[in-house]
Amino acid sequence: MLKDDLLRLGITEVQNVSYNLSFDEFFRLETDPSLTGLERSVMTELGALSVDTGKHTGRSPKDKYFIDEPSSSAHVWWSTPDNGSDNRRLSPEVWAHLKGLAIKQLSGKSVYVMDGFCGTNKETRICVRLVTEVAWMAHFFKNMFIRPTEEELKSFKPDWTILHACKTSCVDFKKFGMNSEAFGAFNIGERMTCIGGTWYGGEIKKGIFTIMNYFLPLKGVGSFHCSANMGDKGDTALFFGLSGTGKTTLSADPKRRLIGDDEHGWDDEGVFNFEGGCYAKCINLSKEKEPDIYHAIKRNALLENIVIDAEGRIDFKSEAKTENTRVSYPIDHIHNIVKPVSKGGHPRRIVFLSCDAYGVLPPVVRLTKEQAMYHFLSGYTAKLAGTELGVTEPQATFSSCFGQAFLSLHPIRYARILADKMAQHGASAYAVNTGWVAGKYGVGYRMDIVQTRAIIDAILSGEIDHGEFERMPMFNVEIPKAVKGVDPKLLNPRNAWADKNEYDMVCRKLAESFVKNFKKFEDDPAAKALVTAGPQLG
């Protein structure tokens, strides 16, 4: 039956089909000594296997495309020179060419077919099928998506198919107006993604998140780039933030149960996880500071772009291959998780995480409802080296909804849903800077994770709201004067800078960047009304 399914996709003369293999079967295949190049895996001291992804050690957002077809064209947030969208438009003719490349690459090969769910809610989840010729890519899929039971597999019918052809590329890309030989192309009408020219596993995961970001908001369901966890009393919290801001690390809290580390929906029942696994950054990982993630790196986990010596010892501090070192693992590798289903109630605490490379933003501020919407739409952070192709040093960036690269629809759609949910359920919002303090990047130092965890504890317990606050000029946000476990001189960033005049200059420059960025939203009346909630330069 699977070969018939592949034939219907155009994939012919398949030598062998390996379907939904077990973790043990993947381990046997991935440790085959005959494997070479990027298909090769290496055994590590912790029991996890490690692979390399070549020149693509992060996502390649400029190689992301949507097909301009009748069912979706009116909904997609199409890329323009100044709106920040990564949804580049391709014609059906170019799609046919890219799909043809993927089909040709997968035909005549031994392939792996994996079926899984995206979304723990049966009413809104999608059934996803991956077709690939690389064992570890199929293993990555198994780690990251919700694994169907044997009974569910008997009646599994894919809603969405990924043709994963990392060994091929579009060499004549210039002819088609494309950015490079790599491509991740989405066709809503055909319910299909074609991936080529990149070995970065995260393209599989983030591609399906992009699709959830298309379908769910059209149904009025929130679809967000955030992690979520739950306290002993059932209190749920959301953590928004881009790669490198601490979203995965801070949600893996020994004192709270993890719902999920990256992608969630918010419907009338509460918050639900999209995934069946976690995808954590490993740079500078330590057993002492991040014990849950460290202990999750064991058999069945899959490391990416890690520096390993001949004895399998891991150097978590090394950036020799990339700063964006990663590990994927099934969510049950984290001991303290919400069971049996990764779901929670309506959140009362929402945290926006940024990594401010300029050392301007306070370690924590309390936001009004209007400020929360302003900063959600702004999505400020510093893009860290290695998280995207071509980024070699930190860059200030604004990423709408803390996930602009994954937004299929206009950001206002997601912001309106979040605003409605927050108002309906009385949620409070806070902005936490996990980046630099006492000076900008190269002068100051990054906020210690122990102190950041103390801030998160104070937010989630409500203790932070019981103390005194002072107002930060220009940004007009409230800074707590004291947080248990945090050096008081760091809470107001200006106090920690040696040169106060330089701080004022850098602060104003960042505020101007916020104001300039937000102008792209001012054609929407609801967004324009939020301008007064942002920095005021007067």
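**Strand pairing, a buried helix and salt bridges in the predicted model**

M114 stands opposite L130, a residue of strand β7. In this predicted model, the strand pairing that includes these two residues joins β6 (residues 110–118) to β7 in the antiparallel sense, over seven bridges. Strand β7 itself, spanning residues 126–132, is mostly covered, with seven of its seven residues buried. Burial extends to both of its faces: I126, V128, L130 and T132 lie on one side, C127, R129 and V131 lie on the other, and each of these residues is buried.

Strand β7 also pairs with strand β8, here in the parallel sense and over four bridges. Within this pairing, R129 has T161 of β8 as its bridge partner. Strand β8 comprises residues 160–165 and, like β7, is described as mostly covered; six of its six residues are buried. One side of β8 carries W160, I162 and H164, the other carries T161, L163 and A165, and both faces are covered. The bridge partners R129 and T161 are thus both among the buried residues of their strands. A further parallel pairing connects β8 to strand β10 (residues 192–196) over five bridges. In that pairing, I162 stands opposite T193 of β10. Strand β8 is therefore paired with β7 and with β10, and β7 is paired in addition with β6.

Helix α9, formed by residues 369–378, is largely enclosed by the rest of the structure, because eight of its ten residues are buried. The buried residues are Q371, A372, M373, Y374, H375, F376, L377 and S378. The helix is followed by G379, which has a positive phi, near 60 degrees.

Charged side chains were examined next. Side chains of opposite charge can pair when their charged atoms come close. Across the whole structure, 34 salt bridges are found. One of them joins the side chains of R299 and D24, with an N to O distance of 3.4 Å. This pair links distant parts of the chain: R299 belongs to the loop between α8 (291–296) and β17 (302–304), whereas D24 belongs to helix α2 (residues 23–30), and the two are 275 residues apart. R299 is partly exposed, with a relative accessible area of 36%, while D24 counts as exposed because its relative accessibility is 53%, above the 50% limit.

A second salt bridge joins the side chains of K167 and E133, at 3.6 Å from N to O. Here too the pair links distant parts of the chain, with K167 in the loop between β8 and β9 (183–187), E133 in the loop between β7 and α4 (135–144), and their positions 34 residues apart. E133 counts as buried, since its relative accessibility is 9%, and K167 is partly exposed at 38%. A salt bridge is also formed by R88 and D86, whose closest N and O atoms are 3.7 Å apart. In this pair R88 is partly exposed, with a relative accessible area of 24%, whereas D86 counts as buried at 14% relative accessibility. Beyond these pairs, a network of salt bridges links K205, K206, K247, D262, E263 and E275.

A polar contact was also located at T434, a residue of the loop between β26 (428–433) and β27 (436–437). T434 is buried, with a relative accessible area of 7%. A polar atom of the T434 side chain lies 2.8 Å from the backbone oxygen of T245. T245 is also one of the residues in contact with T434 when neighbours within four places in sequence are left aside. The other residues in contact with T434 on this basis are L250, L353, S354, C355, R446, M447 and T452.

Key:
Residues numbered from 1 in each chain as written. Predicted model: local features only at pLDDT ≥ 70, side-chain atom pairs only at ≥ 80, totals over all residues. Heavy atoms only, no water. Buried < 20%, exposed > 50% of the residue type's maximum accessible area, 1.4 Å probe, protein only. Pairing = 2+ DSSP bridges. Salt bridge = Lys/Arg side-chain N within 4 Å of Asp/Glu carboxyl O. Polar contact = N/O pair within 3.5 Å; in protein donor to acceptor, adjacent residues only side chain to side chain. Contact = heavy atoms within 4.5 Å.
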